[in-house]
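I set out to record what I looked up in this structure, entry by entry. The topics are the domains, the pocket and the salt bridges.

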Amino acid sequence: MLRAIRLLLAAAFCAVCQCATNVAITNHWNGGFQGEPCIPITKELNGWRAHLLFSEDVDTIEVWAAEVTKLTPRDFLLINKDYDAQQHVGDQLCFTFVARVNNKDITPTVTLYIEGMDGPGSNPTQGPQNPVGTSAPNTGGGSARKDYAKALGNSILFYDAQRSGRLPSNNPIRWRGDSAVNDCVPGGWYDAGDHVKFGLPMASSTTLLLWSLYRFKDGYAKAGQLDMMYDMIKWPLDYFLKAWKPQSRELVVQVGDGNADHSFWGRPEDMNMARPCQTVSSSNKGSDIAGETAAALAVGSIVFKEKGDTSYSTQLLTAAESLFAFAKSNRGIFRGSAPFYSSSADQDEMCVAAAWLYRATRNNQYLNDANSLVEDAWAWALGWDDKKIACQLILYEETQKSTLKDAVVGFMQSWLPGGGITYTPCGLAWRDQWGANRYAGNSAFLALLAAEAGINTADYRKWAVEQINYILGDNNHDGGCYSFQIGYGSKFPRQPHHRGASCPDRPAPCSGAQLNDPGPSPQILVGAIVGGPEANDNYRDVRTDYILNEVATDYNSGFQGALAGIVHLQATNNLPVTHNKCQCNG
């Protein structure tokens, strides 16, 4: 009877694994057991990732033929070592493992599958896929009213100016030097005009930027910025890899104290205040930040694999999978950043993470996770705290579900004229006083992505380009032709609310006096997008105005993605005819 029950359990377990290879247990004892998997190779492999699945919880395993990452107590990821990366059709991959359990003598059912060859959700095209082919019609006929490629390159430079840690020899920002090298996790980006490293907006910005590289890589190439983009975006990814500690299951999510930091005005190179480190763990929840960080790592793994850096891609994907598994089993909102960047929920971040992991692995479990997390509600905006629309669009591209398309259309309908959003006299879709340009840029990026998916392509492309045109000068401030991107054109903000840019060249001192200095900042913060105008198009270029003149990494992310999308339209002769209300040539 017991044997029959065991066979039934084994059959059920195999069904869950879609009949991945069963593994023989060759020895067992109180505290562990030994197995010898042997799986036939059915496709050519240049590097492999396998999963050992157990029907009972296991503490640790030892495998000499692979590097091991514990995703859950029943799912262990194995990644090839250099000597056994090449596997050929007709071969067998065989090895021995030892599993450890705490004071138990068990013989669980064990199965093995190799990603891309068999197992859950397997199909002939397992693994990272090229962007879903567009069904968008041609929308050409327009002429470039702005130098979008230059603006794209400028935006990349802004992120380089936000780097924390020990800077590389190719640092392009002459007035920036090494800073915060003794942080608990060095590197990453300073959030805004201050010097805190907030995990949620940093991860959110990184995900959007990587999405633009995934979808509009040709735009970066056409602009001559592809190498610079890879170099720039690797900086936060390297930080996330250091911040996530899978063995102790802890993620560093913030470095620095917001209140203490905001009382300091000076260069990051001159900081000497305490910079506390905050983490999320099983006892201090934070699946909102963990989920968004996993999303950034997952899409990073796709773009770097496509680049040809398979080793780095594997490192990113391994971290993404283990971090998502941790977040999934430890749901809860991180509250330690209050009153700065307090998240309202984690469902959207977890959904985006699952969707990108599905794209990276083609493992149907991630698709199931994303489908269980996606919401039907129309998003208020795309931003660091709300990614509903992002998950809806990605899943629409993957599943073609009409309800998801309806959500995307509903979101865009609310942003287009007549949809209820406020428009400034010169035509900026104005969602909120905090980062008006940020929200318009993010929605322009989303519109271009939806257009690529074949949704209302002509209307969305035209609207998106017009929003970016406004930000780059199609407005009436200061006589017109005023760019809200610093360093673009001849008229742009000279007093951004940014500490480092306000400081003279070293070794001259920098203090609160620079905050109130009425003159232009000594350093030009090239590429940064300021918060933007009021609803009536009024704008004040004053350093002390931390609403209209704030800069931040998340302010630029969607704007930069939209620029890459527009250069893509130029490259494919699909730039639409536009009609901005306050046109300026330049």
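The entries below follow the order in which I looked things up.

**Entry 1: model and domains.** I note at the outset that the model is predicted. I looked up the domain assignment of the protein chain and found domain 1 (21-114) and domain 2 (148-572). I then took the C-alpha centres of domain 1 and domain 2, which lie 39 Å apart.

**Entry 2: the interface.** I asked how many residues of each domain are in contact with the other. Domain 1 contributes nine residues, and these are in contact with eight residues of domain 2. For the area, I recorded about 660 Å² buried between domain 1 and domain 2, with 54% of it on carbon and sulfur atoms. On the domain 1 side, Arg49, Thr69 and Leu71 supply 64% of the area buried against domain 2, more than any other three residues.

**Entry 3: the salt bridge across the interface.** I searched the interface of domain 1 and domain 2 for salt bridges, and the rule finds one. I also looked up the partner of Arg49 and found a salt bridge with Glu321, in which the closest N and O atoms are 2.2 Å apart. By the domain bounds, Arg49 falls in domain 1 (21-114) and Glu321 in domain 2 (148-572).

**Entry 4: the largest pocket.** I recorded a volume of about 810 Å³ for the largest pocket. Its lining has 31 residues, and the closest to the centre are Gly47, Trp48, Arg49, Asn80 and Thr314. I listed the elements that give two or more residues to this lining: the strands β5 (45-46), β8 (66-72) and β9 (75-80), and the helices α7 (287-307), α8 (310-329) and α9 (347-361). The largest share, seven residues, comes from α8. I sorted the lining by class and obtained nine nonpolar, 15 polar and seven charged residues.

**Entry 5: where the pocket lies.** I asked why the largest pocket is placed between domain 1 and domain 2. Both domain 1 (21-114) and domain 2 (148-572) give residues to the lining, so the pocket lies between them. Arg49 thus enters my notes twice: it is among the residues closest to the pocket centre, and it is one of the three that supply 64% of the area domain 1 buries against domain 2.

**Entry 6: salt bridges elsewhere.** I counted 30 salt bridges in the structure. One I looked up joins the side chains of Arg163 and Asp231, at 3.0 Å from N to O. This pair links distant parts of the chain, 68 residues apart. Arg163 sits in the loop between α2 (148-161) and β14 (197-198), whereas Asp231 belongs to helix α5 (residues 226-243).

How values were computed: Residues are numbered from 1 along each chain as its sequence is written. This is a predicted model: local features need pLDDT of at least 70, side-chain atom pairs count only at pLDDT 80 or more; totals for chains, interfaces and linings use all residues. Side-chain values use heavy atoms; hydrogens and water are left out. On a 1 Å grid over the protein atoms alone, a cavity is a set of points where a 1.4 Å probe fits but cannot get out, and a pocket is an open set with protein on both sides within 12 Å along at least five of seven lines; lining residues have an atom within 4 Å of a point. Grid points are joined across faces, edges and corners, and a volume is the space filled by probe spheres set on the points. Helices (H or I, at least four residues) and strands (E, at least two) are DSSP runs, numbered from the N terminus. Ala, Val, Leu, Ile, Met, Phe, Trp, Tyr, Cys and Pro count as nonpolar, Asp, Glu, Lys and Arg as charged, and the others, Gly among them, as polar. Domain bounds come from an automatic or database domain assignment. Contact means heavy atoms within 4.5 Å. Buried area is the accessible area (1.4 Å probe) that two parts lose on being put together, summed over both. A salt bridge is a side-chain nitrogen of Lys or Arg within 4 Å of a carboxyl oxygen of Asp or Glu.
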